[in-house]
Amino acid sequence: MARDYYETLGVKRNASENEIKSAYRKLARQYHPDRNPGDKQAETKFKEVQEAYDVLSDKNKRAQYERFGTPGPRGSRDSAGGPGGPEFQSGPGSGGFQETDPNQAADLFRQFFGGGGGPVDMDSIFGQQAPRRGRGRRAAPAEEAEAEVTIPFTTAALGGNVALQIEGRELSVKVPAGVEEGQALRLQGQAPAGGDLRLRLHIQPHPFFRREGKDIVLEVPLAVAEAILGTTVEAPTLDGARLRVKVPPGTGSGPRLRLRGRGIAGGDQYIETKIVVPAAKDERSRELVEEFARLNPQNPRAGLW
């Protein structure tokens, strides 16, 4: 295999899902292109981190990777920086299934294309059986195939083109804006046997945006003084712009400020505030906080229960 995904994320091989997700988010923030403009090394590292997370965050891909050293027959990377471009290959040196191990190939196809525990006819999966000739008979219609691909969060939200490799062929797929996790795109005549290819989409998580339908939520940390006195913060948007947002005095954790039309396909973006409370570093700091509490009495739990 080209690299150790566990080493890329800096986690142990028995790491939990939460540990893998936490390591990914930390590294994705560190190497995100928005924070490292023009840094090719950081861009490469960001793509490696995304590739590692795509495999290790998926139970099937992770099991396949640990067993065979590859996330499966769709383990090639697409041009958007994520792994999972559909690739159906056979034959020595192709990077796919090897003719010398048909049992392994059959096992892989059961996992990714379904089927019971019985024998697997590799030709019939892609409709590659030779048509029978005879009076009154027609060639069987080409069968459909299904593959999976992981696309960046921003591509799913804003739309764009994704380049794929299918049996050595370059294929550019136009992804419409607003596609959702698990949604399928039908590509007519693009399956290896000439039938239609159903492309199942998976969306990479974003380092700091999260999606709620057509809306986008950005969590913005505030210092205690900023929350009390009010402030102005600079907030990134999906299209790469940065907007200055005014936070009113007395803002608490949880309230949302709306940026109209900055979401997905006409949705909105919300700035969700989160107050970060420091510990008192010395006795003087404690005295000032106590004095503030005396001058500004407050019972935030009044009337709750």
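These are my notebook entries on one helix, two sheets and a few aromatic rings in a predicted model.

**Entry 1: helix H4**

I began with helix H4, which spans residues 59-68. Which of its residues are buried? I found Lys-61, Arg-62, Gln-64 and Tyr-65 on that list. I then asked how these four are placed around the axis, and they cover an arc of only 165°, which puts them on the same side of H4. Next I turned to the face pointing away from that buried side, and there I noted the exposed residues Lys-59 and Arg-67.

I also checked both ends of the helix. At the start of H4, Asp-58 brings a side-chain oxygen to within 3.0 Å of the backbone nitrogen of Asn-60. Just after H4 comes Gly-69, and I wrote down its positive phi of about 80°.

**Entry 2: Tyr-65 and its aromatic company**

Tyr-65 from the buried side of H4 made me curious about rings. How many aromatic pairs are there? The count comes to four. One I looked up is Tyr-6 with Tyr-65: the ring centres are 6.2 Å apart and the planes stand at 40°, so I logged the pair as tilted. An angle under 30 degrees would have made it stacked and one over 60 edge-to-face.

Where do the two partners sit? Tyr-6 belongs to helix H1 (residues 5-9) and Tyr-65 to helix H4, so this pair ties together parts that are 59 residues apart in sequence. I looked up burial for each ring as well. Tyr-6 has 2% relative accessibility and counts as buried; Tyr-65 is buried too, with a relative accessible area of 2%. For both, the cut-off I needed was under 20%. Tyr-5 joins in here, as Tyr-5, Tyr-6 and Tyr-65 form one aromatic cluster.

**Entry 3: the sheet of three strands**

On to the strands. In what order do the three strands of this open sheet run? I read E3-E7-E6, with mixed pairing. Strand E3 (145-151) and strand E6 (184-187) are at the edges with a single partner strand each, so one side of each has no neighbour in the sheet. From one strand to the next, the twist averages 30°.

I followed the E6 side in more detail. E6 pairs with strand E7 (residues 197-203) in the antiparallel sense, over four bridges. Within this part I noted Ala-184 opposite Arg-200 in E7.

**Entry 4: the sheet of four strands**

The other sheet I looked up is also open, has four strands in the order E8-E9-E13-E12, and its pairing is mixed. Which strands are at the edges? They are strand E8 (209-212) and strand E12 (256-259), each pairing on one side only. Neighbouring strands here are turned by 30° against each other on average, direction ignored.

Then I went through the pairings of E13. Strand E9 (residues 215-223) and strand E13 (residues 269-276) run parallel and share eight bridges. I picked out Val-220 opposite Thr-273 and Leu-218 opposite Ile-271. E12 and E13 are antiparallel and joined by four bridges. Here Leu-257 is the residue opposite Ile-271. That gave me a nice spot to mark: Ile-271 in E13 has Leu-218 opposite and Leu-257 opposite as well.

**Entry 5: a charge over a ring**

My last look-up was Tyr-270. What lies over its face? I found Arg-256 there, at 5.8 Å from the ring centre. Arg-256 falls in edge strand E12 (256-259), while Tyr-270 falls in E13 (residues 269-276).

How values were computed. Residues numbered from 1 in each chain as written. Predicted model: local features only at pLDDT ≥ 70, side-chain atom pairs only at ≥ 80, totals over all residues. Heavy atoms only, no water. Buried < 20%, exposed > 50% of the residue type's maximum accessible area, 1.4 Å probe, protein only. Helix = DSSP H or I, 4+ residues; strand = E, 2+ residues; numbered from the N terminus. Arc of directions from axis to C-beta. Polar contact = N/O pair within 3.5 Å; in protein donor to acceptor, adjacent residues only side chain to side chain. Pairing = 2+ DSSP bridges. Axes fitted to C-alpha atoms, helices over the stretch in contact; angles between N-to-C directions. Phe/Tyr/Trp six-rings, centres within 6.5 Å; stacked < 30°, edge-to-face > 60°. Lys NZ or Arg CZ within 6 Å of the ring centre and 35° of its normal.
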